[in-house]
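User: Could you walk me through the aromatic rings here, and explain the terms as we go?

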Amino acid sequence: MFHFSKNVLPLFMAIACLSSCSQTDEDVAVGEGKTHEQCNVVLRLQSNASSMTRGVEDSYNYVQGKTEEYKVNVATVYFFDSRSKLLSKKVPLTGITYSGTTTNGNVVYEAEPISVAAGTYDIFVIANTDRQFKKDKEDEFLADIDSVSYTKALIEDVSGGIMMVNRGSANLATVITKKNNDQVNSINITLERVLARLDVAKASEKFELTDSKGVKYASVTLDGYFIVNLPKYFYTFRHTAVLTTLDEPEWNVTTNFGDVSEVDGYVIDPYFFQKSINASNFTNADKYYENFVGDYSKPEYVTWKTFNAVAQTPNYKTAYCLENCMLAPAQKNGYTTAVMFRAKMEPNNNVYTLNAAGELVLVTAQNYPETLYYFMQNFYASADALAVAVAAAGSTTGQYEARKFDKTDDGYRCYYKYWIRHLDNNNPNVMGVMEFGVVRNNLYRMLITGVSDLGDGDTTIWPDTPDEGETQLKVVLNVKPWIVRDLTNIVL
């Protein structure tokens with residue numbers, strides 16, 4: 001959604017064109033004898049053969065998505081006078097109909113035409129919502145936060161269409177002139193979804209864990225997931241800023257409602273400036289986040305969702321959510337959106353207990369206790385047995401950490417937390433700008449391809465861990481494709 005080190009056009013761009021458009025609303029009557037041109041909405045994929053440098057704005061990997069994800073069902077065009085910044089006209093487009101798909105894969109819609117007085121306008125378009133925007137001043141209109149269209153933090157049904165808008169600074173000071181010979185003005189409007197898309201899948205149902213010699217010590221079956229830290233509010237038009245501190249800028253339509261600077265550029269959500277460096281101080285008092293990490297510490301809090309292995313159909317479990325971003329030093333578990341995975345863990349005949357002589361001996365599977373302790377790829381039936389193993393290992397323990405796993409009705413459980421990465425800066429020791437976060441119109445596709453070790457014994461998350469006279473106007477709506485964030489090589 002924004003620039004970081006991008007200096008050329010994307011390799012692929014999806015464009016939906018709406019040319020010449022619909023009738024005006026009740027407030028502005030169309031003059032008698034006016035002629036109109038047909039209005040088309042076209043979604044087409046076009047390529048650019050230039051070499052690319054990937055930046056925060058794009059991944060240069062795109063997908064059209066499902067019809068319900070890019071379809072323009074309804075749309076309203078707002079015309080603000082470029083000088084006074086007051087609303088001049090609001091025009092709902094009517095008669096938007098699907099008219100076919102070209103051999104090149106372009107999806108075509110048609111709508112009725114509109115008329116608008118000649119002048120210079122700042123033009124904004126909002127699609128797929130019945131919400132009434134009643135702000136007559138441009139700055140208030142742009143800053144409006146929508147808490148009506150999406151009342152849930154996690155949206156699983158978008159069959160009615162996804163709300164879309166253009167970037168606020170994209171169509172400023174647009175000149176509309178009176179045309180002769182029935183010609184029309186043509187204006188390109190590029191729309192982006194206000195939602196992000198999350199896809200989750202696993203490469204297989206069960207993963208075998210082996211030691212350095214290839215000996216199996218446990219198996220892990222992933223059987224559920226839960227999405228953590230889901231915002232419930234959003235800015236209708238995308239906000240951006242150049243930041244090095246948490247000082248909130250003076251919002252400016254040219255500077256803060258378009259692309260993102262390549263240096264220290266951020267996408268801003270409604271709570272961005274409340275996400276301080278000390279994540280544990282964020283209390284979520286007004287319930288901005290659903291599934292807030294600070295609200296639970298027990299598995300009973302979580303409603304787990306099932307998900308598919310890639311060999312199954314559908315391959316991915318899909319849901320949609322709002323954007324969630326924060327300053328680089330504040331990209332911590334207390335704020336960042338994560339996917340928590342639940343797994344059933346099974347030891348591989350390597351559970352030890354103490355015999356009468358204080359020696360470690362194997363326990364048969366039918367005698368496994370309610371709690372197991374894990375250390376250096378073996379399991380222990382008691383804290384005393386664990387202590388003997390740790391003492392025997394001495395200084396060779398290295399990076400190994402003892403963990404505890406409690407038995408449930410489904411066997412022993414372990415949990416993995418995966419924090420959604422927007423852009424990898426390829427430096428594991430330095431937190432990058434917008435490295436972790438969720439941004440509108442991005443598709444975060446997560447495929448679990450492996451498990452390197454056992455997960456945690458519980459679901460606890462530590463917050464601080466890191467434009468006179470009427471004239472014909474043709475509006476072209478460009479619906480951007482999903483920008484794909486391919487996270488399909490996740491090893492838990």
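Analyst: Here is a short tour of ring pairs, burial and charges over rings. This is a predicted model, where local features need pLDDT of at least 70, side-chain atom pairs count only at pLDDT 80 or more, and totals for chains, interfaces and linings use all residues. Residues are numbered from 1 along each chain as its sequence is written, and side-chain values use heavy atoms, leaving out hydrogens and water.

User: How many aromatic pairs does a search of the whole structure find?

Analyst: The search finds 29 aromatic pairs. Rings of Phe, Tyr and Trp (its six-membered ring) pair if their centres lie within 6.5 Å; planes under 30 degrees apart count as stacked, over 60 as edge-to-face and the rest as tilted.

User: Why is the pair of Tyr78 and Phe141 called tilted?

Analyst: Their centres are 4.8 Å apart and their planes meet at 45 degrees, so the angle falls between the cut-offs of 30 and 60 degrees.

User: How do you know that Tyr78 is buried?

Analyst: Buried means under 20% relative accessible area (1.4 Å probe, protein chains only). Tyr78 has 4% relative accessibility, so it counts as buried; Phe141, at 0%, is buried too.

User: What makes the pair of Tyr374 and Phe405 edge-to-face?

Analyst: The planes of Tyr374 and Phe405 stand at 65 degrees with centres 6.2 Å apart, so the pair is edge-to-face. Both Tyr374 and Phe405 are buried.

User: Why does Arg131 count as lying over the face of Phe133?

Analyst: The rule asks for NZ of Lys or CZ of Arg within 6 Å of the ring centre and within 35 degrees of the ring normal. Arg131 lies over the face of Phe133 at 4.5 Å from the ring centre.

Definitions and conventions. Buried < 20%, exposed > 50% of the residue type's maximum accessible area, 1.4 Å probe, protein only.
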